[in-house]
Amino acid sequence: MSFTLEIGAHAVDFKLPATDGKQYCLKDFESAKFLVIFFTCNHCPYVVGSDEMTRSTADKYKHQGVEFVGINSNSDNTYQEDDFDHMVERMQIHQFPWVYLRDESQEIAKEYGALRTPHFYVFDQGRQLVYTGRGVDSPRDASRVTKNDLDLALHELVSGKKISVPVTNPIGCHVKWDGKDKHWMPPEACDLVL
């Protein structure tokens, strides 16, 4: 069994606090036709470099029933700027069009098999995984992007087509696991990353 959720797997439920002061579980997003869950954070240059492209993609597909949910699972013992207070501040400044959740225990990151920030998971109407991996091919520098894999997957999904490239390697910083070196990855995940 692979570390990361495999295509066809069902979305894993969660109950996590958000920057808007509420708690959310998977059922709170049942009105969305399609759901994008992505692991992100506050400090990573790959996240910061591609957030506006993620915003554009979220805005592009929101009227076609696609909802985005960001989850920050990074240990704030590794980077203090990934703590909840900084999440709230970041959302107040940027007003991103997604709910931003805190996975302090890192259990949800483990359940999904999140490898990097950002790491995207796209679920269909039945909440089965149809795409996992990167958003774009140059998340750190938007001026060098030549391929938006997330946009392609969502375009195919809302058009009723089969996803032509369902799996890509996420590009970004490692998820910061509590008590581990900032470059550490679970051993069972290491064979998944090029």
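Let us start with helix α2, which spans residues 84-94 in this predicted model. Its buried residues are M87, R90 and M91. Around the helix axis they cover an arc of only 95°, so they sit on the same side of α2. Turn the helix in your viewer and look at the face directed away from that buried side: there you will find the exposed residues D85, Q92 and I93.

What do the buried residues of α2 pack against? They pack against helix α1 and against two strands, β4 (66-72) and β5 (99-102). When you follow the chain past the end of α2, you come to Q95, a residue with a positive phi near 50°.

Now move to helix α1, which covers residues 45-61. Besides being a packing partner for the buried residues of α2, α1 meets helix α4, residues 149-158. Two packed helices are described by the angle between their axes and the distance between the axes. For α1 and α4, the axes come within 10 Å and cross at roughly 10°. Angles under 35 degrees count as roughly parallel, and α1 and α4 are therefore roughly parallel to each other.

Which residues make this contact? From α1 come T57, K60 and Y61, and from α4 come L150, D151, L154, H155 and V158. Sorted by class, the contact of α1 with α4 has 4 nonpolar, 2 polar and 2 charged residues.

Next, find T40 in strand β3, which runs over residues 34-40. Is T40 buried or exposed? Its relative accessible area is 4%, and buried means under 20%, so T40 counts as buried. Leaving aside residues up to four places away in sequence, T40 touches V47, G70, I71, N72, S73, Y100 and T117.

Let us finish with the salt bridges, of which the count comes to 8. One of them joins the side chains of K62 and D59, with 3.8 Å from N to O. Both partners are partly exposed: K62 has a relative accessible area of 44%, and D59 has a relative accessibility of 31%.

Another salt bridge links K110 with E107, and here the closest N and O atoms are 3.7 Å apart. Where do these two residues lie along the chain? They are 3 residues apart in helix α3 (residues 107-112), so about one helical turn separates K110 from E107. K110 is partly exposed at 42% relative accessibility, and E107 is partly exposed as well, at 41%.

The salt bridge between D149 and K147 pairs a buried residue with a partly exposed one. The closest N and O atoms of D149 and K147 are 3.9 Å apart. D149 has a relative accessibility of 3%, so it counts as buried, whereas K147 is partly exposed, with a relative accessible area of 34%. This pair also belongs to a network of salt bridges that links R134, K147 and D149. As you trace that network, recall that helix α4 covers residues 149-158 and has its axis within 10 Å of the axis of α1.

Technical notes
Residues are numbered from 1 along each chain as its sequence is written. This is a predicted model: local features need pLDDT of at least 70, side-chain atom pairs count only at pLDDT 80 or more; totals for chains, interfaces and linings use all residues. Side-chain values use heavy atoms; hydrogens and water are left out. Axes are lines fitted to C-alpha atoms, for helices over the stretch in contact, and angles run from 0 to 180 degrees between N-to-C directions. Helices (H or I, at least four residues) and strands (E, at least two) are DSSP runs, numbered from the N terminus. Angles under 35 degrees count as roughly parallel, over 145 as roughly antiparallel, 65 to 115 as roughly perpendicular and the rest as oblique. Contact means heavy atoms within 4.5 Å. Ala, Val, Leu, Ile, Met, Phe, Trp, Tyr, Cys and Pro count as nonpolar, Asp, Glu, Lys and Arg as charged, and the others, Gly among them, as polar. Buried means under 20% relative accessible area, exposed over 50%, partly exposed in between (1.4 Å probe, protein chains only). A salt bridge is a side-chain nitrogen of Lys or Arg within 4 Å of a carboxyl oxygen of Asp or Glu. The arc is that of the directions from the helix axis to the C-beta atoms.
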